[in-house]
6 protein chains.
Amino acid sequence: MAVVQITRIVRFNAAHRVYNPALSDEENQRLFGKCNNPNWHGHNYTLEVTVEGAVDPITGFVVNLRDIKQVVEREVVEHVDHKNLNLEVPFMAGTIPSTENFVLGIWRVLAPAVAPARLARLKLWETENQYVEYDGR
Amino acid sequence: MAVVQITRIVRFNAAHRVYNPALSDEENQRLFGKCNNPNWHGHNYTLEVTVEGAVDPITGFVVNLRDIKQVVEREVVEHVDHKNLNLEVPFMAGTIPSTENFVLGIWRVLAPAVAPARLARLKLWETENQYVEYDGR
Amino acid sequence: MAVVQITRIVRFNAAHRVYNPALSDEENQRLFGKCNNPNWHGHNYTLEVTVEGAVDPITGFVVNLRDIKQVVEREVVEHVDHKNLNLEVPFMAGTIPSTENFVLGIWRVLAPAVAPARLARLKLWETENQYVEYDGR
Amino acid sequence: MAVVQITRIVRFNAAHRVYNPALSDEENQRLFGKCNNPNWHGHNYTLEVTVEGAVDPITGFVVNLRDIKQVVEREVVEHVDHKNLNLEVPFMAGTIPSTENFVLGIWRVLAPAVAPARLARLKLWETENQYVEYDGR
Amino acid sequence: MAVVQITRIVRFNAAHRVYNPALSDEENQRLFGKCNNPNWHGHNYTLEVTVEGAVDPITGFVVNLRDIKQVVEREVVEHVDHKNLNLEVPFMAGTIPSTENFVLGIWRVLAPAVAPARLARLKLWETENQYVEYDGR
Amino acid sequence: MAVVQITRIVRFNAAHRVYNPALSDEENQRLFGKCNNPNWHGHNYTLEVTVEGAVDPITGFVVNLRDIKQVVEREVVEHVDHKNLNLEVPFMAGTIPSTENFVLGIWRVLAPAVAPARLARLKLWETENQYVEYDGR
């Protein structure tokens, strides 16, 4: 049975500050530079959500993307779009909002929510020259 | 011996309707929504064809991309460009033209045709926010 | 008073056939080639809608883009997305659905609908290598 | 003497809130919706800076782009990259940081700074679906 | 009679060196820096060719793009693709191959060749962050 | 411990000629066609450098991208940007500058230089329709 992957791309924007409250101001500045600006900065994020599975012979689909879109909207976009990642996003509470931690946070909420489809990979672009990927390993 | 992957991207456009003739009109509408329009709709498709192998020390190539381009043109593009996927494409006959089935159909014609190069992956974009991948698993 | 232009981009897809019913089949084929396929073909269209005016000192906006988005959705996207441009689109009735005529049809419905904002330019991409522009001249 | 335009593109990111302090919270919310989030949000901005003039027969250039890049870096990017447009950008003080006002603010600092080259147009992308243009009219 | 613009995009690559043989080596290095490398460097160029006119009621076209594509292929692409702009391109002979002079050279060969269509604008991308435009002024 | 991948994209341009000095001129022409032009041609290359590892709880980073950027600049970009791949690039000496050999050459210099981060994948675009990938296999 062929295993096919299908990906939906969503876009949102948010503010954040890369900052570890357990460190001194000097140490934060040394590690994170201008990303540590206490007045915040922000990004247009692009998120690629990949699920995989066998193709259903009735629909020709691995999964109805309409359902995936609703899940991603409800579990991710509504919580992060036009928000502050340090202050307002439940699944980011207590973590440094680096792109790495952001993708792991999204994985934690999406992996159970897309079932029975299997979440295969997330790819999160922070700028057009930088992205992070995670596949559940 | 290093295994390198090389990808060629081609573009074409086609009409289709996501529709299962074994189901009632109501069921088709419920499952496929506006993609089920009996008057058709269409897309600009982008196809990424990836082959892999060792690098030939005489040419520096895994395979001469000129040959891959000719194969993809002859086996895929000529059959689908400016065509109707439901009515006119031999390798799609009898299948629902979802993106998943489309990529599986392209794999069936390309995998033998690119030999002795090994087809490693297909990535088919239906819109700029949606793509399907298959690697032969 | 500075005149600023603001542009909103929307995307949709549709089927069409470039065909003039007043001409013979041979003449249609000679003029339009594979774009004349009677089984249709289709595209992902990208439409850039530009309006212009002075900046409102209360809002900082030429116009609230939320309003422009609603107008474009209601007047254009709902009528063309996942549709057949030859058979189903009221503002295209009686015209050959070339990209040029398509952009003129969209202008006719949008120019009055965006008032009091002034429609300054439409740019319609049919493929990533081809677009048409109209500015009301 | 032919007049040629040359454009340099730069990218930066920033936080902002679309908010008019002269209005009530309710009125700000009604006008600006989620863009009014008091915890900020942000964007990756793309700025296209176009200058024009005759081609210098010694260099083949309208202007040495190396000089334009330095001017844009010094006058714009250093003041806005990883900054808060409401709180930290001198040329935005006292204005609502809409994209329209942002492009007018950049024009005010760049037009004299690129002389003797003539600033012909600014195009500022806030998201990949939205941009503002100004040409000095 | 509405005036519509239609644009065709072509891509090619070439080698060049920005160098004025009338200047000393030191002066060339000071003006052109690494672009003056005597061992050459190169680019993937993207050229947008815009023609304009009234829409023909028989075809719905300003001009049949098939004809424009052939003209651009024959007059430009065949002479520059995989070529050296300093050594091999007839319409660049005797000029410094800056992007500005390149676009003016292309204009000189294309403007008469697209007649009776009217060449309205050329836009030539040298990198994804830099482009030159000319409209015949 | 989750393994996350992070990618940095850099861009540069270079001249080259696909040519094997051990073969006759006729054989080079037959194999490489216009890519064998003795007057060179060139490309804008885009390189995606992916490293992977566990997320450091102090920084939220797999690795500080600032360090990766410096390494890629020093080990790759400085040696290839605005250069001739056949004549001037130490790590390409003695190899045919195909995209395949170019990516293998970059791997050889980057893999030790990014340590202790682990180089996971390189993706090198030669044109917007062609790329090569290598992951160390």
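**Note on the chain contacts and local geometry**

1. Starting with the D/A contact: four salt bridges are counted between chain D and chain A, a salt bridge being a side-chain nitrogen of Lys or Arg within 4 Å of a carboxyl oxygen of Asp or Glu. One to look at is A:Asp81 with D:Lys34, whose side chains meet at 2.7 Å, N to O. On the chain D side that touches chain A, the elements giving two or more residues are strands E1 (4-16), E2 (41-53), E3 (83-84) and E4 (118-127) of chain D. Helices (H or I, at least four residues) and strands (E, at least two) are DSSP runs, numbered from the N terminus.

2. Some ground rules before going on. This is a predicted model, where local features need pLDDT of at least 70 and side-chain atom pairs count only at pLDDT 80 or more, while totals for chains, interfaces and linings use all residues. Residues are numbered from 1 along each chain as its sequence is written, chains are lettered from A and ligands numbered from 1 in the order in which they are written, and side-chain values use heavy atoms, with hydrogens and water left out.

3. Back to D/A, now for its extent. Chain D puts 22 residues into the contact and chain A puts in 22 residues, with contact meaning heavy atoms within 4.5 Å. About 1800 Å² is buried between the two chains, and carbon and sulfur atoms give 44% of that. Buried area here is the accessible area (1.4 Å probe) that two parts lose on being put together, summed over both. Three residues stand out: D:Asn39, D:Asn44 and D:His82 supply 32% of what chain D buries against chain A, more than any other three residues.

4. The polar side of D/A is worth a look too. The rule finds 19 residue pairs in polar contact across this interface, both residues at pLDDT 80 or more. A polar contact is a pair of N or O atoms within 3.5 Å; within protein, one must be able to donate a hydrogen and the other to accept it, and residues adjacent in sequence count only if both atoms are side-chain atoms. By class, the chain D side that touches chain A has five nonpolar, ten polar and seven charged residues. For that tally, Ala, Val, Leu, Ile, Met, Phe, Trp, Tyr, Cys and Pro count as nonpolar, Asp, Glu, Lys and Arg as charged, and the others, Gly among them, as polar.

5. On symmetry: a turn of 180 degrees with a shift of 0.0 Å along the axis lays chain D on chain A at an RMSD of 0.0 Å. The two copies are thus related as by a two-fold rotation axis. Copies are superposed by least squares on the C-alpha atoms of residues with pLDDT of at least 70 in both. Also, 100% of the interface residues of chain D are interface residues in chain A as well, so the copies meet through the same surface.

6. The E/D pair goes by another operation: a rotation of 120 degrees, with 0.0 Å of shift along its axis, superposes chain E on chain D (RMSD 0.0 Å). These two copies are thus related as by a three-fold rotation axis.

7. In the E/D contact, 21 residues of chain E touch 25 residues of chain D. The buried area is about 1900 Å², with 48% from carbon and sulfur atoms. E:Glu100, E:Tyr131 and E:Arg137 supply 32% of the area that chain E buries against chain D, more than any other three residues.

8. Across E/D the rule finds three salt bridges, including D:Arg11 with E:Glu128 at 3.8 Å, N to O. The polar count is 15 residue pairs, both at pLDDT 80 or more. Helix H1 (25-32), helix H3 (99-113) and strand E5 (130-134) of chain E each supply at least two residues of the side that touches chain D, and E5(E) gives the most, with five residues. By class, that side has ten nonpolar, six polar and five charged residues.

9. Last, some backbone details to check by eye. D:Ala115 and D:Pro116 are joined by a cis peptide bond, with omega about 10 degrees, and D:Pro116 sits in the loop between helix H3 (99-113) and E4 of chain D. D:Trp40 has phi near 75 degrees, a positive value in a residue other than glycine; D:Trp40 is in the loop between helix H1 (25-32) and E2 of chain D.
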